[in-house]
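Please open the structure in your viewer and keep the sequence beside it, since this tour moves from one selection to the next and says what can be found at each stop.

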Amino acid sequence: MALNLSQKKEVVAELAVVAAKAHSLVAVEYAGTTVAQMTAMRKKARETGVFLKVVKNTLASRAVAGTDYECVKDSLIGPLLYAFSTEEPGAAGRLIKEFAKGNDKLKAMVVAVGGQQYPASHVDVLASLPTLQQALGMLARVLAEPASMFARAVKAVADKQGEGDAAVPAEAETA
């Protein structure tokens, strides 16, 4: 269904707001995807903090103008589904990778993060980024490691000194 000018302006404004706040963008060719697959993908996207939208490429080009994703304007060719990660950088990549396993017609065409466009094959790299909870866990582990190493070293020294003290009384008793 064709949009009138005011509807197009609304779509561009909505997409521009999302693009300004998004952490990453994955544009996917979706031709041949069934309605049931798209519905399942949209449901999963809402749960994981991914904004999905199918819009004309000219409207998407206008929406990303002035944002970090302006670098992809020339690559927006063909019918595309736009997935913007709004909460975590890797969320859109994980979503697309998960649904591409069950649908060979779903192909990543554009990947962009932080004002830099990457080849479509980088969707795997984007999908492998840790979630916020995983990243915080890794940071906590790295911060705790020096303290635990120090504690192990102190315990080893104490154990060694304790062995020497235990050996002295045993010799004194035999003499």
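Begin with the aromatic rings of this predicted model, in which the structure holds one aromatic pair. Select Tyr 69 and Phe 84, whose rings meet edge-to-face, with 5.9 Å from centre to centre and 75° between the planes. A pair of aromatic rings is described by exactly these two quantities, the distance of the centres and the angle of the planes. If you follow the chain from one partner to the other, you will see that the pair links distant parts of it, for Tyr 69 sits in the loop between helix H3 (57-64) and strand S3 (80-85), while Phe 84 belongs to strand S3, 15 residues apart.

Are these two rings buried or exposed? Tyr 69 counts as buried because its relative accessibility is 1%, and Phe 84, with a relative accessible area of 1%, is buried too.

Keep Tyr 69 selected and display its surroundings. Leaving aside residues up to four places away in sequence, Tyr 69 touches Ala 19, Ala 22, His 23, Ser 24, Leu 25, Val 64, Phe 84 and Ala 112.

Next, widen the selection to the nonpolar core. The largest nonpolar core has 22 residues, and those with the most contacts inside it are Leu 15, Leu 25, Tyr 69, Val 72, Tyr 82 and Phe 84. Helix H1 (5-21), strand S1 (24-29), H3, S3 and strand S4 (107-113) each supply at least two residues of this core, and the largest share, five residues, comes from H1. A second, separate core of 19 residues can be coloured differently in your viewer; among its members are Val 50, Ala 83, Ala 108 and Val 111. As general background, nonpolar side chains in soluble globular proteins tend to be buried together.

Now select Ser 61, which lies in helix H3. With a relative accessibility of 15%, Ser 61 counts as buried, because the cut-off for that word is under 20%. Beyond residues up to four places away in sequence, Ser 61 touches Lys 73 and Leu 76.

Turn then to the strands and show them as a cartoon. In what order do the five strands of the open sheet stand? The order is S2-S3-S1-S4-S5, and the pairing is antiparallel. Strand S2 (50-54) and strand S5 (116-118) stand at the edges, and because each has a single partner strand, one side of each is left without a neighbour in the sheet. Looking across the sheet, you can follow a twist that averages 20° from one strand to the next.

Zoom in on S2 and S3, which run antiparallel and are joined by five bridges. Here Phe 51 stands opposite Phe 84 in S3, so that the ring partner from the opening stop comes into view again. Then add helix H4 (residues 91-102), which lies across S1, S2 and S3 and runs at about 20° to S1.

Finally, zoom out to the whole chain, which has six helices and five strands, arranged from the N terminus on as α-β-α-β-α-β-α-β-β-α-α. Along its principal axes the C-alpha trace spans about 105 × 35 × 25 Å. The radius of gyration of the chain is 27 Å, whereas a compact globule of 175 residues would have one near 16 Å. Buried residues make up 30% of the 175 residues, and among contacts between residues at least 6 apart in sequence, 80% join residues at least 24 apart.

How values were computed: Residues numbered from 1 in each chain as written. Predicted model: local features only at pLDDT ≥ 70, side-chain atom pairs only at ≥ 80, totals over all residues. Heavy atoms only, no water. Phe/Tyr/Trp six-rings, centres within 6.5 Å; stacked < 30°, edge-to-face > 60°. Helix = DSSP H or I, 4+ residues; strand = E, 2+ residues; numbered from the N terminus. Buried < 20%, exposed > 50% of the residue type's maximum accessible area, 1.4 Å probe, protein only. Core = buried A, V, L, I, M, F, W, Y, C linked by side-chain atoms within 4.5 Å. Contact = heavy atoms within 4.5 Å. Pairing = 2+ DSSP bridges. Axes fitted to C-alpha atoms, helices over the stretch in contact; angles between N-to-C directions. Rg over C-alpha atoms; globule rule 2.2 N^0.38 Å.
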